[in-house]
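Open the structure in your viewer and keep the selection box handy. We will walk through it stop by stop, with something to select at each one.

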Amino acid sequence: MLKIRPAAERGHANHGWLDSSFSFSFDQYYDPAHMGFRALRVINEDRVAPATGFGKHPHRDMEILTYVLEGAVKHEDSTGASETLVPGELQHMSAGTGVRHSEMNPSGTETLHLLQIWLVPNQLGIPPKYEQKRFSVQDEPNQLHLLASTDARDGSFKIYSDAELLAAKLDAGGSVSHTFKLGNGWLQVARGTVSVAGGTLQAGDGLALEGESSIAIASNAGAEFLLFDLA
């Protein structure tokens, strides 16, 4: 089963300093038909105005991933972490027993554009953890890169969720394929346009794949996307 989640049908909120689109129910946006997919609970596409951001706030028992598309995000949390995340890097935070953090746009001129992802954990009450790392998505196009996994293989982050995250940048005419390890998938297009199963997806579109064994993704003009492998 393949089901498209069009970008234009996502929830939306514009607070002036923050312009957000929600693939799934979040905050004041509620849609009982879109409460998440498998372990995937949140995909928010955020644009944060210069010199603004999210002040200190708490999280508990959630796996949180941040993927920056443009600009930078300054992260500080109660574990003592204080880092700046830029495009090409991925941030992973296990909220576990509880953590407080802030995410700010340190630039006075440039808008921060990012994808914020929450995954439902398969273990509760683990110690909070923060980590970030540069991956080769931008430097090595036309191949899938494993960013987060259940077993930390191939240099990926170990996450406590029944999910794995891959990403790819496709040049014009590029393509990749993936056989699902956990049995289901979600494709989120971050930039450009991709062709999947005879259809076309634009930036911001999502695609749920339930009970599908594999997926082939191509792009005529270039694209960047995230692919979740989900139990």
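Which side chains meet in a salt bridge at 2.8 Å, N to O? Select R191 and E224 and you have the pair. Keep in mind during the tour that this is a predicted model.

**Stop 1: R191 and E224**

R191 belongs to strand β17 and E224 to strand β21, so their contact ties together parts that lie 33 residues apart in sequence. Colour the two by accessibility: E224 is buried, at 3% relative accessible area, whereas R191 is partly exposed, at 28%. Side chains of opposite charge can pair when their charged atoms come close. Across the structure the count of salt bridges is eleven.

**Stop 2: strand β15 and its neighbours**

Next, select residues 163-170, which make up strand β15. Seven of its eight residues are buried, so the strand is mostly covered under the 20% cut-off for relative accessible area. Now add residues 223-230, strand β21: this strand pairs with β15 in the antiparallel sense, over eight bridges. Look for E164, whose bridge partner in β21 is D229. Then add strand β13, residues 145-149, which is also antiparallel to β15 and joined to it by three bridges. Here L146 stands opposite L166 of β15.

**Stop 3: a salt-bridge network**

Stay with E164 and show its side chain together with that of K181; they meet in a salt bridge of 3.3 Å, N to O. E164 lies in strand β15 and K181 in the loop between β16 (175-179) and β17, so this pair ties together parts 17 residues apart in sequence. E164 is buried, with a relative accessible area of 2%, while K181 is partly exposed at 46%.

Now add R153 and D151, whose side chains form a salt bridge at 3.0 Å, N to O. R153 is partly exposed at 28% relative accessible area, and D151 is partly exposed too, at 40%. With the four residues D151, R153, E164 and K181 on screen, you are looking at a network of linked salt bridges.

**Stop 4: a buried acid without a salt bridge**

Select D205, in the loop between β18 (199-202) and β19 (206-210). D205 is buried yet has no salt bridge: R10, the nearest side chain of opposite charge, is 6.7 Å away, and a salt bridge needs nitrogen and oxygen within 4 Å. What does the side chain of D205 reach at 2.8 Å? Show the backbone of Q202, because your target there is its nitrogen.

**Stop 5: two open sheets**

Switch to a cartoon view. Seven strands form an open antiparallel sheet in the order β2-β3-β4-β11-β6-β9-β12. β2 (11-14) and β12 (129-134) are the edge strands; each has a single partner, so one side of each is left without a neighbour in the sheet. From one strand to the next the twist averages 15°. Inside this sheet, pick out β6 (residues 63-70) and β11 (residues 112-119), an antiparallel pair with seven bridges. V68 stands opposite L114 of β11.

Another open antiparallel sheet has four strands, ordered β5-β10-β7-β8. Its edges are β5 (53-59) and β8 (82-85), each with a single partner strand, so one side of each has no neighbour in the sheet. Neighbouring strands here are turned by 20° against each other on average, direction ignored. Four bridges join β7 (residues 73-77) to β10 (residues 99-104), and E76 has S102 as its bridge partner in β10.

**Stop 6: aromatic rings**

The whole structure holds seven aromatic pairs. For one of them, select F37 and W186: the ring centres are 5.7 Å apart and the planes stand at 45°, so the pair is tilted. F37 sits in the loop between β3 (18-22) and β4 (40-48) and W186 in strand β17, 149 residues apart. F37 is buried at 10% relative accessible area, and W186 is buried at 3%. Then select F22, F26, Y29 and W118, which ring pairs link into a cluster.

**Stop 7: two positive phi angles**

Most residues other than glycine have a negative phi. Select N142, in the loop between β12 and β13: its phi is positive, about 65°, and the residue is partly exposed at 31% relative accessibility. Finish at A197, in the loop between β17 and β18, where phi is also positive, about 50°. A197 is exposed, at 67% relative accessibility.

Terms used. Residues are numbered from 1 along each chain as its sequence is written. This is a predicted model: local features need pLDDT of at least 70, side-chain atom pairs count only at pLDDT 80 or more; totals for chains, interfaces and linings use all residues. Side-chain values use heavy atoms; hydrogens and water are left out. Two strands pair if DSSP finds at least two bridges between them. Axes are lines fitted to C-alpha atoms, for helices over the stretch in contact, and angles run from 0 to 180 degrees between N-to-C directions. Rings of Phe, Tyr and Trp (its six-membered ring) pair if their centres lie within 6.5 Å; planes under 30 degrees apart count as stacked, over 60 as edge-to-face and the rest as tilted. Buried means under 20% relative accessible area, exposed over 50%, partly exposed in between (1.4 Å probe, protein chains only). Lys and Arg count as positive and Asp and Glu as negative; His and the chain ends are not counted. A polar contact is a pair of N or O atoms within 3.5 Å; within protein, one must be able to donate a hydrogen and the other to accept it, and residues adjacent in sequence count only if both atoms are side-chain atoms.
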